[in-house]
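Me: I have a model open and would like to learn how to read it feature by feature. Could you walk me through it?

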Amino acid sequence: MEAGRLSRREMLQRGGVAALGGLSVAGLGRYAWPRSASAATQASSSSPGDVLHFVSRPDLSPPHLTVAHHGGPGPADPPYFILAPAGYPRTGPGVPGLMILARDGQIVWYSPNTGFPASAGLARVDLQVQSYRGKPVLTWWEGRVLAGYGHGTAVIADSTYRTVATVNAGHGLSADLHEFVITPQDTALITAYRPMPANLSALGGPARGTVLSGTVQEIDIATGQVLFQWDSLLHVPVTDTYQALSGGTTASPFDYFHINSIAVAPDGDLLVSARNTCTVYKVSRPGGDVVWRLGGKRSSFRMGRGATFWWQHHARPHGATVVSIFDDGASPAKEAQSRAILLGLDTVAMHASLQASYTHPRPLLAANQGSMQVLADGRVLVGWGNLPYFSEFEQDGALITDGSFPPGDQSYRAFTSAWTGYPTANPAVAARIEGFGAVVYASWNGATEVASWTVLAGGAASALAKVGSQPRRGFETAITVDANGPYFAVTAHDAHDRVLGRSDTVRGTN
């Protein structure tokens, strides 16, 4: 770093957003489908096309995601991408599911949505790494997807991938898919959609109409008790919406607000994003009053040049004076392309200024969804919503990593994070006998600490000896040995050659 120059972490801590200088990355090409050469390392387990197949795990058929790096191998930390490939309606190949990818695109953990078929309106979305009771956990939402929102449950899983807690909404509501935040107090902030009566005559609708109120609930995870509830209709009038009136009846409530994210501000208040009012609200706790509105028809801030956003998602505070937002810009289209933006907030002069804007080199315009993650060193990871991309940028806006899903897939949000997984299931193994030797296939879904594999073989299942070893290569490692068994097993070893687990013993096939 140049002398006298602040890191992004220092800048955010100090609120010195002006140091970014209003950077912007312009679109440079047309929409395309990049494919990465890193897929070649999965040749032993990858079939032509967009679905992966594994000899040791024939029950798994995930979609083939690819990761391309620009200007070098790309950063190594955080080591994983956290994604949930899906689609609504889904036309993509393979079986979607929760997924952790290494930075070269290799699968580390994959949990297929076999019990949540999109054809039945079911899904699992918003996979994240969070902290619960002082330990890293995986969290996601699962349930039924309705007309742009969900009825379901938030799930917490530990490092063994075992569910340790679930969170449901209270007061007769159902947890929505858009947000699940675990607070430092081990409470959960969730979104919900609540039908409420409203006068829609000012919008050309019925005087005795029905709308969906965007609802925030804070839930005590241990007891399920509702600690705080905020309903948009009690604080935001229906006339603030930009959404064209649709429905407005008990049978078809009008989604005037469309809540899609919650975050805790440094002072303990909440930042609430509403897509259909194109506004981010600062909501006081415990009172629930709207402290200020950012954007929309009645913004508390004067919006500086380039600071106005439309149909946004995933608003997050970074200190007291910086907010990150994924600016969809559609739908309907209000901008030429979607952006991930940083806004500086002067809460004395009440002025919002654009400090950084990250756009894809292809002019991507997301109709919905999307995310923006700001890393400690200034890098930014962007999930492009309903479009099949996730991208990582340097602080100065240079695109360094570009991931893509097969056509027909998407991920509601995209994250990068550290994670350590210790699955309780044994490693998987399969062996194919070829002449006087064999090819042994080893995998361990979700195990992050495996550095190498050792192959055991013998003429009897109870009498196996070491016949070979090899460093781990991706989700599934193919190991050639000069032994024809016919019985085989593998042991997984960490970087210090300690045994982490052993597979069952299997009989090789010809």
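Me: Let me start with one residue. Which strand holds the place of Thr477?

Reply: Thr477 sits in strand β32 (residues 476-481). Helices (H or I, at least four residues) and strands (E, at least two) are DSSP runs, numbered from the N terminus. This is a predicted model: local features need pLDDT of at least 70, side-chain atom pairs count only at pLDDT 80 or more, while totals for chains, interfaces and linings use all residues. Residues are numbered from 1 along each chain as its sequence is written, and side-chain values use heavy atoms, with hydrogens and water left out.

Me: Is Thr477 buried or exposed?

Reply: Buried means under 20% relative accessible area, exposed over 50%, partly exposed in between (1.4 Å probe, protein chains only). Thr477 counts as buried because its relative accessibility is 0%.

Me: And what is Thr477 in contact with, leaving aside neighbours within four places in sequence?

Reply: Contact means heavy atoms within 4.5 Å. With those neighbours left aside, Thr477 is in contact with Val440, Tyr441, Ala442, Trp453, Gln470, Pro471 and Arg472. You can also look at C-alpha distances: Thr477 and Val429 are 48 residues apart in sequence and 9.7 Å apart in space.

Me: What about a loop residue, say Pro427: buried or exposed?

Reply: Pro427 lies in the loop between β27 and β28 (428-434), and with 5% relative accessibility it counts as buried. Leaving aside neighbours within four places in sequence, its contacts include Trp453, Gly501 and Asp504. C-alpha to C-alpha, Pro427 and Val490 are 7.7 Å apart, with their positions 63 residues apart in sequence.

Me: Now the whole chain. How many helices and strands are there?

Reply: The secondary structure comes to one helix and 35 strands. Of the 510 residues, 56% count as buried. Take contacts between residues at least 6 apart in sequence: 56% of them join residues at least 24 apart.

Me: Where is the mean pLDDT lowest among the elements?

Reply: pLDDT is the predictor's confidence in each residue, from 0 to 100. The chain averages 90, and 90% of the residues score at least 70. Among the elements, strand β1 (residues 23-24) has the lowest mean, 34, and strand β16 (residues 279-283) the highest, 99. Over residues 1-48 the pLDDT is below 50, though this stretch has 106 contacts in the model beyond near neighbours in sequence. Where pLDDT is low, the predicted coordinates should not be read in detail.

Me: How do I read the two faces of a strand? What covers β24?

Reply: In a regular strand the side chains alternate between the two faces of the sheet. In β24 (residues 380-383), Val380 and Val382 on one side and Leu381 and Gly383 on the other are all buried, so to speak for both faces: they are covered.Me: Which strands is β24 joined to, and how do they run?

Reply: Two strands pair if DSSP finds at least two bridges between them. Four bridges join β23 to β24, and these strands run antiparallel. Four bridges also join β24 to β25 (residues 389-393), again antiparallel. Val382 stands opposite Met372, and in β25 its bridge partner is Ser391. The hairpin of β23 and β24 has five residues between the strands, with Gly378 in the turn at a positive phi of about 100°.

Me: Why is β8 described as largely enclosed?

Reply: Strand β8 (residues 150-157) is largely enclosed by the rest of the structure because seven of its eight residues are buried. Eight bridges join β7 (residues 135-145) to β8, running antiparallel, and Trp140 has Val155 as its bridge partner in β8. In the hairpin of β7 and β8, Gly148 takes a positive phi near 90°.

Me: Last topic: pockets. What volume does the largest pocket have?

Reply: On a 1 Å grid over the protein atoms alone, a pocket is an open set of points where a 1.4 Å probe fits, with protein on both sides within 12 Å along at least five of seven lines; lining residues have an atom within 4 Å of a point. A volume is the space filled by probe spheres set on the points. The largest pocket has a volume of about 760 Å³. Of its 27 lining residues, the closest to the centre are Gln128, Val129, Gln130, Arg316 and Phe415. The largest share of the lining, five residues, comes from β6.

Me: And which residues lie nearest the centre of the second largest pocket?

Reply: They are Ala147, Gly148, Tyr149, Asp255 and His258, out of 25 lining residues. The volume of this second largest pocket is about 570 Å³.
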